[in-house]
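Colleague: I would like a close look at one part of this model. Please take me through the pocket and the parts around it.

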Amino acid sequence: AVCAKWVALPLGATSSSAEDHAQVPRRLRTIRAMSSGAPRVRRATVDDGRAIAVLKASAIRVSAAGYYPASALEAWASSVSVEAIERAVATTTAYVAVTDLGIVGYSNLMGEEVDQLYVRPDHGGRGVARLLYEHVEAAAVDRGIERLTATASLRSAAVFLRFGFEEDERIERLYQGVSFEVVLVSKRIGS
């Protein structure tokens, strides 16, 4: 059995500094003495909205730390909305990766765009993002889409490049009143 570590970050939890945030996982870490099992991918449902929101906020605060200032991460993470995620799940092709620990990843396809791709921080580097992306790409190919795009954070840009995307451009994007550098990427598919 694999011992899985996980952190419980309540939706809307805030930290005033990167140092404070670094302390949160230590205080809330729980060691589970059971295997988290191999992730399975399924279509997301609106009932997954809250779990996806918690996962997304945690991924932003933990996985993207070091790529953006703490104030920018907090602006991004605190804007996560269960209602917006439920709308995205209802109106796009959305997938979740699930283990016996619950939802450990989320991605969706909106038109020709990989709109979101988030993995629970304690499951990073285990192939969850690739597994989700493969489902998104297969859905795009089934629809006859020939080119996928994504607006990647500085953290996720390398992930998309590993999936065969090419960097098109780096731009500054204003989000929640804070400027973020993001990477526009694209990939030809289905040929």
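Modeller: What follows starts with the whole chain, then turns to the pocket and its surroundings. Keep in mind that this is a predicted model.

The chain has 191 residues, and 43% of them count as buried. Its secondary structure comes to six helices and nine strands. Take the contacts between residues at least 6 apart in sequence: 66% of these join residues at least 24 apart. The accessible surface is about 9,600 Å². Carbon and sulfur atoms make up 50% of that surface.

Now the largest pocket. Its volume is about 1,100 Å³. In its lining there are 48 residues. Nearest the centre lie Trp76, Gln116, Leu117, Tyr118 and Ser156. What kinds of residues form the lining of the largest pocket? It divides into 25 nonpolar, 14 polar and nine charged residues. Which element gives the most to this lining? The answer is strand 6, residues 113-119, with seven residues.

Follow the chain on from strand 6. A loop leads from this strand to helix 5, and aspartate 122 lies in that loop. Is aspartate 122 buried or exposed? Its relative accessibility is 16%, so it counts as buried, since the cut-off for buried is under 20%. The side chain of aspartate 122 also makes a polar contact with the side chain of arginine 120, at 2.9 Å.

Helix 5 spans residues 128-142. Leucine 132 sits in this helix. Leucine 132 has a relative accessible area of 0%, and therefore it is buried. What does leucine 132 touch, leaving aside residues up to four places away in sequence? Its partners include Leu117 and Tyr118, and both of these are among the residues nearest the pocket centre. Leucine 132 also touches Val41, Tyr95, Val96, Ala97, Gly105, Tyr106 and Ser107. Proline 39 is 93 residues away from leucine 132 along the chain, yet their C-alpha atoms are separated by 9.7 Å.

Finally, go back to Trp76, one of the residues nearest the pocket centre. Trp76 is among the buried residues of helix 3, which runs over residues 70-78. The others are Ala72, Leu73, Glu74, Ala75 and Ala77. What covers the buried residues of helix 3? The cover includes strand 6 and helix 2 (49-63). Strand 7 (147-153), strand 8 (166-175) and strand 9 (178-188) are also part of it. Strand 6 thus appears twice in this picture: in the pocket lining and in the cover of helix 3.

How values were computed:
Residues numbered from 1 in each chain as written. Predicted model: local features only at pLDDT ≥ 70, side-chain atom pairs only at ≥ 80, totals over all residues. Heavy atoms only, no water. 1 Å grid on protein atoms, 1.4 Å probe; cavity = no way out; pocket = protein on both sides within 12 Å on 5 of 7 lines; lining within 4 Å. Points joined across faces, edges and corners; volume = space filled by probe spheres on them. Helix = DSSP H or I, 4+ residues; strand = E, 2+ residues; numbered from the N terminus. Nonpolar A, V, L, I, M, F, W, Y, C, P; charged D, E, K, R; others polar. Buried < 20%, exposed > 50% of the residue type's maximum accessible area, 1.4 Å probe, protein only. Contact = heavy atoms within 4.5 Å. Areas by Shrake-Rupley, 256 points an atom, 1.4 Å probe, with all protein chains shown as cover. Polar contact = N/O pair within 3.5 Å; in protein donor to acceptor, adjacent residues only side chain to side chain.
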